[in-house]
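The following exercises concern the geometry and contacts of a model. Please examine the sequence and the structure before reading each solution.

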Protein chains: 2
Amino acid sequence: MTKITLKDLAKILGMSISTVSKGLNDSYEISEATKNKIKQVAEKHNYQPNLFAKNLKIGKSNTIGIIIPFMANPFQSQILEGAHKAALENKYHIVFMQSRENDEIEKSCIQFLINQNVDGIMISPASQSSNYQYIKHVHEKTTPIILFDRVDYPLDTHKIGVNSFEGTYQATKHLISLGRKNIAVLCGKNLGITSERLNGYLSALKEHHIPVKEELIIYCDYELTKEELDLELKTEILRLMKLKTPPNAVLGTTDTLTTRILGVLADSVYQVPQDLAVIGFANTELAQSLNPSLSTIKQPAFDIGYIATNKLIELTNVKNRNDYDYETILLQATIQLRNSTKL
Amino acid sequence: MTKITLKDLAKILGMSISTVSKGLNDSYEISEATKNKIKQVAEKHNYQPNLFAKNLKIGKSNTIGIIIPFMANPFQSQILEGAHKAALENKYHIVFMQSRENDEIEKSCIQFLINQNVDGIMISPASQSSNYQYIKHVHEKTTPIILFDRVDYPLDTHKIGVNSFEGTYQATKHLISLGRKNIAVLCGKNLGITSERLNGYLSALKEHHIPVKEELIIYCDYELTKEELDLELKTEILRLMKLKTPPNAVLGTTDTLTTRILGVLADSVYQVPQDLAVIGFANTELAQSLNPSLSTIKQPAFDIGYIATNKLIELTNVKNRNDYDYETILLQATIQLRNSTKL
DNA sequence: TTGTATGCGTTATCAT
DNA sequence: ATGATAACGCATACAA
């Protein structure tokens, strides 16, 4: 039961290859009667066009590339799942690559994808302006590129992410309403989203006339290994808790930072939430299994991946991208209050 | 800067297309001198062969399919990461599909992959003998299939997984050594790996002359939604704790069961580890962030994916698979003792 | 409305 | 050692 081709179908039907091809593609030049006959036989023999031949002919790959920092990460694999669904529905393929939070690797990923003839690329940039000139060039001259998750990046294109400001703003307000006014905030160094998320924090403080203390704003290097990051966080916690007025709450602006700080605290003498209330961006299903259960800012990760992929595929089929009207879609993050901020 | 083809190179070099092609493919019929010249020019113009044309010609796709129950799952996305690395190193592509623990979806995934002309497929089966006849047929007649993770499945092929017996055996012994002899065990219903993992538990009990109580062996339906599973676990916990001699420990035989039971317990009146010690298969990075930190049986997920993919690619390039010597590779799971089993 | 012929970019067979 | 040519499976311009 070897693969059946157009030629085989043509022979079975006693027609020419082109008639069969046109019939299957619903060409207007073929009569309904023959179309039906063709489709019926194709169906019966479970005909599936050879994609390599098709793509070679058409000059399209029906494949998009996705560049993500790390795939073995709950938040990002949820995004991938959404992307996967959208791609499947549109009969597109996905080739994904991991930038590992590194600009150079990111560039090689893009080059690889272009060599693979992908029709479009979606990126969650490794840093604020990583490979900007190169990405801009590729986007304008060769292959459309859109941004997801980390959308605070200068490229003029579709951007699908989350309302960063709102998430940290609401979370900070919640902490304040609990009487936790001395809030440390963990930020990703050189991360595009950092500024908006920090703004949410700052605005909430300002609104409540709470002075900003620089010593409570911590920038973490995102290129560190897990162990190095843990060590850095541990050091920071020690420093913070030795201040004359130590913080009584911590806000994590990214999934990684929130979950890591939790591990560091679990390993320390400080109690959550008694000593430090914790809240932050986190998409882990284990939030409620933690003890105390973790209050989180949860992003609609699946939707981000799903919408971004649909947008990219749409863009892929646009003939002329000059003067194209790009959209920025910011979904709402939702705050889920649990025990790490109780009391 | 449009894509450069063999034809372009030939023109630049003033040679024929076939000479250039042979030169790039290190054919013995081309002189070293011209080979060098060809490669140099190809390099300079960053020539990349069109994979669609190549695959069409060769009749291979250089693509493998991976079918996994769920990708947005820490354990499975770690496997995927290993697979991704191996594929990249071998210049292979991956198309992955999710069976969602469902036999029918699994079958449609296989059919899809075959239609995509994948050179081979690796599956973590949805259940004990899901689609066995079909998979056997495909494997023998069409496309090589290997198994990973859930390797307790009758197909004669490569199997890459973990020593299930050893993991639960050691974990159970550890619980017993702590004086926790009344151990409930959570199993996946119809899951191939269940029997070996249960055997580990039973052997450890036997070795310590502890009678087996059927009432402590719980089979959970793997096709349930998260909410339904939580509810089922909640009900089971209530039942267990009302027994005349309630269990003082719980062993989870899969990642899902271990992490879910933890959430259910966190939401209950029962304390971990005071009332119930908890240990089980789990690859989450949050194990140490849990309070109490979770004792886990951790699988080398990355290695499973990496090795399986390499084995599959190897198999893909075998001409005659009759009488092929298939391997079963069982890696060691490692037990990480933490606070959920202290005291 | 249907069929013929060409070419997408490769590899491979056969001449030269 | 190098080149001309056919073929992979498909879509399409053009002819009938």
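**Exercise 1.** Which residues in α10(A) meet which residues in α11(A)?

*Solution.* The model is a predicted one. Begin with the geometry of the pair: helix α10 (residues 226-241) of chain A and helix α11 (residues 255-266) of chain A have axes that come within 9 Å and cross at roughly 65°. The crossing in which α10(A) passes α11(A) is right-handed. Next, list the residues on each side: α10(A) contributes L229(A), D230(A), L233(A), K234(A) and I237(A), and these meet R260(A), I261(A), G263(A) and V264(A) in α11(A). Finally, sort the residues of this contact by class, which gives 5 nonpolar, 1 polar and 3 charged.

**Exercise 2.** Determine by what turn and what shift along the axis chain B can be laid on chain A, and describe the contact between the chains.

*Solution.* Superposition of chain B on chain A requires a turn of 180° and a shift of 0.0 Å along the axis, and leaves an RMSD of 0.1 Å. The two copies are therefore related as by a two-fold rotation axis. The same surface serves both copies, since 100% of the contact residues of chain B recur in chain A.

Turning to the contact, 31 residues come from chain B and 32 residues from chain A. On the side of chain B that touches chain A, at least two residues each are supplied by α4 (51-58), α5 (74-89), β2 (93-98) and α11 (255-266) of chain B. That side of chain B comprises 14 nonpolar, 15 polar and 2 charged residues.

**Exercise 3.** Identify the residues that come nearest to DNA strand D and those closest to DNA strand C, then characterise each surface.

*Solution.* Take DNA strand D to start with. It has 26 residues around it, of which L6(A), S18(A), S18(B), T19(B) and E29(B) come nearest. Elements supplying at least two residues each to this surface are α1 (6-13), α2 (17-24) and α4 (51-58) of chain A, together with α2 (17-24) and α4 of chain B. With 5 residues, α4(A) gives the most to the surface near DNA strand D. By class, that surface divides into 10 nonpolar, 10 polar and 6 charged residues.

Now take DNA strand C, which is surrounded by 24 residues, the closest being S18(A), T19(A), E29(A), L6(B) and S18(B). Two or more residues are given to this surface by α2 and α4 of chain A and by α2 and α4 of chain B. Here α4(B) gives the most, with 5 residues. The surface near DNA strand C divides into 10 nonpolar, 10 polar and 4 charged residues.

**Exercise 4.** In what order do the 6 strands of the open sheet in chain B lie, and which helix packs on the sheet?

*Solution.* The order of the strands in chain B is β7-β6-β8-β9-β10-β12, with mixed pairing. At the edges lie β7 (217-220) and β12 (334-336) of chain B, each of which pairs on one side only. Neighbouring strands of this sheet are turned by 15° against each other on average, direction ignored. The packed helix is α9 (residues 194-207) of chain B, which touches β6 (183-188) and β8 (249-252) of chain B. The direction of α9 makes about 170° with that of β6(B).

To examine one pair within the sheet, consider strand β9 (residues 277-281) and strand β10 (residues 295-298) of chain B: they run parallel and are joined by 3 bridges. In this pair, S295(B) in β10(B) stands opposite I279(B).

Definitions and conventions. Residues numbered from 1 in each chain as written. Chains lettered and ligands numbered in written order. Predicted model: local features only at pLDDT ≥ 70, side-chain atom pairs only at ≥ 80, totals over all residues. Least-squares fit on C-alpha atoms with pLDDT ≥ 70 in both. Contact = placed C-beta atoms within 7 Å. Helix = DSSP H or I, 4+ residues; strand = E, 2+ residues; numbered from the N terminus. Nonpolar A, V, L, I, M, F, W, Y, C, P; charged D, E, K, R; others polar. Axes fitted to C-alpha atoms, helices over the stretch in contact; angles between N-to-C directions. Left-handed = near helix turned anticlockwise from the far one by under 90°. Near = placed C-beta within 6 Å. Pairing = 2+ DSSP bridges.
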